[in-house]
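Hi everyone, thanks for making time for this. I'd like to walk you through a structure that may be new to you, so let's put it up on the screen.

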Amino acid sequence: ATLRALGRADDALAAFVRATEVGPTYALAWQNLGIERHMREEWRAAASALERAVRLDRTAVQAWVVLADACARLGENAAATAASDAATALLSDSALR
């Protein structure tokens, strides 16, 4: 079970922050941090972490999807559309393989 599922959301956040400190070029660490921030409705912090994740791994579909939602909630419609388009393109590419 995850820390969040065990009711330890603050510990989960701390673990994700630490993971980005230990592995600043590890896209999944930034993705997980962004998703945790998104779940807390910390839209700006979520978007920042997710932007870092997709810069590190342009194929991170889940990061693109959650980034699109965070940007939309921030009223950043152009960024939301761009992130959604990136996710859609990746999903379309994988469906064609």
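Let's begin in the middle, with α2 and α3: these two helices are roughly antiparallel to each other, because an angle over 145 degrees counts as that and theirs is about 160°. Their axes are 8 Å apart. Please keep in mind that what you see is a predicted model.

Which way does α2 cross α3, left-handed or right-handed? The crossing is left-handed.

Now for the residues that do the touching. From α2 we have A27, W30, Q31, L33, G34, I35, R37 and H38. Facing them from α3 are W43, A45, A46, A49, L50, R52, A53 and L56. Sorted by class, this contact has 11 nonpolar residues, three polar ones and two charged ones.

Let's step back along the chain to α1, which covers residues 9-22, and look at how it sits against α2, residues 27-39. The axes of α1 and α2 come within 8 Å and cross at roughly 150°. That makes this pair roughly antiparallel as well, and the crossing of α1 and α2 is again left-handed. On the α1 side, the contact uses A9, A12, L13, F16, V17, A19 and T20. On the α2 side, you'll find A29, W30, N32, L33, E36 and R37. The classes here are nine nonpolar, two polar and two charged residues.

If you were following closely, W30, L33 and R37 may sound familiar: these residues of α2 meet α3 and also belong to the contact with α1.

On to the other end. Helix α3 spans residues 43-56 and helix α4 spans residues 61-73. Their axes come within 9 Å and cross at roughly 145°, and α3 passes α4 in a left-handed crossing. From α3, the contact takes W43, A46, A47, L50, E51, A53 and V54, and from α4 it takes A63, W64, V66, L67, A70 and R73. How many polar residues are in this contact of α3 with α4? There are no polar ones, with 11 nonpolar and two charged.

One last stop: the largest pocket, which holds about 160 Å³ of space. Its lining is made by T2, L3, R4, A5, A12, A15, F16, N32, I35, E36 and M39. The elements giving two or more residues to that lining are α1 and α2, and the largest share, four residues, comes from α2. By class, the lining of the pocket has seven nonpolar, two polar and two charged residues.

That's my tour, and I'm happy to turn the model around for anyone who wants another look.

Notes. Residues are numbered from 1 along each chain as its sequence is written. This is a predicted model: local features need pLDDT of at least 70, side-chain atom pairs count only at pLDDT 80 or more; totals for chains, interfaces and linings use all residues. Side-chain values use heavy atoms; hydrogens and water are left out. Axes are lines fitted to C-alpha atoms, for helices over the stretch in contact, and angles run from 0 to 180 degrees between N-to-C directions. Angles under 35 degrees count as roughly parallel, over 145 as roughly antiparallel, 65 to 115 as roughly perpendicular and the rest as oblique. A crossing is left-handed if the near helix is turned anticlockwise from the far one by less than a right angle, and right-handed if clockwise. Contact means heavy atoms within 4.5 Å. Ala, Val, Leu, Ile, Met, Phe, Trp, Tyr, Cys and Pro count as nonpolar, Asp, Glu, Lys and Arg as charged, and the others, Gly among them, as polar. On a 1 Å grid over the protein atoms alone, a cavity is a set of points where a 1.4 Å probe fits but cannot get out, and a pocket is an open set with protein on both sides within 12 Å along at least five of seven lines; lining residues have an atom within 4 Å of a point. Grid points are joined across faces, edges and corners, and a volume is the space filled by probe spheres set on the points.
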